2 protein chains.
Amino acid sequence: MNVMQSSPGKETSATRECYQTLRKMILTGALPPGKKLKIEELRNLLQSGASPVREALSLLTSDMLVERLDQRGFRAAPVSKANFEEILMLRCDLEDKALRASLARVDADWEDRLVLSHHHMTRAQRSDPDAFEAAHKTFHMTLIGNANLPMLERYCGQLYDLNIRYRYLAADGPRYGERSIAAEHEGIMTAALAHDAAMASKLLIEHYRRTGEYFIAQMDV
Amino acid sequence: MNVMQSSPGKETSATRECYQTLRKMILTGALPPGKKLKIEELRNLLQSGASPVREALSLLTSDMLVERLDQRGFRAAPVSKANFEEILMLRCDLEDKALRASLARVDADWEDRLVLSHHHMTRAQRSDPDAFEAAHKTFHMTLIGNANLPMLERYCGQLYDLNIRYRYLAADGPRYGERSIAAEHEGIMTAALAHDAAMASKLLIEHYRRTGEYFIAQMDV
DNA sequence: ATGTCAAATAATATCGATATTTTTGGAGAG
DNA sequence: CTCTCCAAAAATATCGATATTATTTGACAT
């Protein structure tokens, strides 16, 4: 057993550090869409060498958060109404499929995890917006995570992130439309626990469409 | 103007070179599934520095052809029956959607491109297997490429490549089941040109399922 | 024999420096 | 005034070397 280091919590590699920081900055809009991502700038910002920065940027292209221009470096992925509409459409399609597959394999353990993730989300609601964000994603991923379809889950996770990027850009922060979000989550969970796939899927997709149309309307302004 | 180099056709960056070579080697099985991808080895093989190799490997994780293990380097993505079944399922779902969206926007220009890509594919059939592979992908991508849904196209392209990887692994080469592939392609094209989305989609999915089930059967052996 | 630990080895991850390429800025011709 | 072209500047891409981390090997005790 090895204490490793006096400074606590430094377990991760420089590349991973860069990856996570850049990811969050792009998702929240700190690095705005289309922005040129210059290595030297990021090197300073992240206090790191050029190699980890480049590698992190390469990894972020997987998530469609960064674009690579052949010999002209990287830039934050652009946004557009059409892009958002495609994300929304794909989410509705893929999450429907994933949720049904997940519900086709219900067991007590999964139900426990779902209830717990929902509880954690509601508890985080008032305290820390950042913690709520994390818990919210966990809830949605748990919902579709019982399908044992790793690629489908990966796609859904990607699309989830791309979607909340638009939310941050639209709202300049994590605050919600503040409508009946909590009730909608509750309804989805209840239907899932009742093993009513049709109802759960219907509610889930309505949940997405409703927030989606709100953003689309905002983008017309 | 600068001659740059006596060896002709060297327009591309080292990273792109590595990316494309590694990609082809993984797709064709020259780098078998699960194989540890050591930087030093690849550096030798590709006659390149470590940086382009690492960057190429990072980019290949986007395509789900390479896995990154936290501080233990890279390896070629493993394969499994479950993985193939998921790919097949996702393809059927996504290509159905893409084909219908593509057909919803038919125009003369797209019909021309489709006919041409089909012609190039049939012409390449007997000559060069490598050229046929490329033409075959172009045909399928043209089919779904009129939808103006870039993310969906990207997913379909990814899944196409993952699928032909299994074909190479199963057949140890690009040779087909040699059944009525050509007739199937013709049928799909005809239905598409007749703007019959339901028929085109049905034929396309049957086309995928048929070859898919052939591979699945082989994997049981 | 068998399991454990530490040194030796091998591989990855990272840095700093350099070569290459793109972009910028401005002088001169039409 | 506008366009073209070339030199200067900036940025990217790449290399070679080093620091870190994982893996193997073999001695030692049980």
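**How the two chains meet each other and the DNA**

In this predicted model, 100% of the interface residues of chain A are interface residues in chain B as well, so the two copies meet through the same surface. Put in residue counts, 18 residues of chain A are in contact with 18 residues of chain B. On the chain A side, the elements that each supply two or more residues are helix 3, helix 4 (81–103) and helix 7 (150–171). Helix 3 of chain A puts in the most, with seven residues. As for chemistry, the side of chain A that touches chain B splits into six nonpolar, six polar and six charged residues.

The arrangement of the copies fits with that picture. A turn of 180° and a shift of 0.0 Å along the axis lay chain A on chain B with an RMSD of 0.0 Å. The two copies are thus related as by a two-fold rotation axis. Within chain A, the C-alpha that comes nearest the axis belongs to A:Ser62, at 2.1 Å from it.

Next comes DNA strand C. There are 18 residues around this strand, and those that come nearest are A:Ser13, A:Ala14, A:Thr15, A:Gly49 and B:Gly73. Both chains supply elements with two or more residues here: helix 1 (14–28) and helix 3 (50–62) from chain A, plus helix 2 (39–46) and helix 3 (50–62) from chain B. The largest share of this surface, three residues, is down to helix 3 of chain A. Helix 3 of chain A thus turns up twice, since it also gives the most to the side of chain A that touches chain B. Sorted by type, the surface near DNA strand C holds five nonpolar, eight polar and five charged residues.

Chain A also has a sheet. Three strands make up this open sheet in the order 1-3-2, with antiparallel pairing. Strand 1 (36–37) and strand 2 (66–68) of chain A are the edge strands, each pairing on one side only. Between strand 1 and strand 3 (residues 74–76) of chain A, the antiparallel pairing runs over two bridges. Here A:Leu37 sits opposite A:Phe74 of strand 3.

What lies across the three strands of chain A? That is helix 3 of chain A once more, running at about 105° to strand 2 of chain A. Taken together, helix 3 of chain A lies across the strands of the sheet, gives the largest share of the surface near DNA strand C, and gives the most to the side of chain A that touches chain B.

Notes: Residues are numbered from 1 along each chain as its sequence is written. Chains are lettered from A and ligands numbered from 1 in the order in which they are written. This is a predicted model: local features need pLDDT of at least 70, side-chain atom pairs count only at pLDDT 80 or more; totals for chains, interfaces and linings use all residues. A residue is near a molecule or strand if its C-beta atom, placed from the backbone, lies within 6 Å of it. Helices (H or I, at least four residues) and strands (E, at least two) are DSSP runs, numbered from the N terminus. Ala, Val, Leu, Ile, Met, Phe, Trp, Tyr, Cys and Pro count as nonpolar, Asp, Glu, Lys and Arg as charged, and the others, Gly among them, as polar. Copies are superposed by least squares on the C-alpha atoms of residues with pLDDT of at least 70 in both. Two residues are in contact if their C-beta atoms, placed from the backbone, lie within 7 Å. Two strands pair if DSSP finds at least two bridges between them. Axes are lines fitted to C-alpha atoms, for helices over the stretch in contact, and angles run from 0 to 180 degrees between N-to-C directions.
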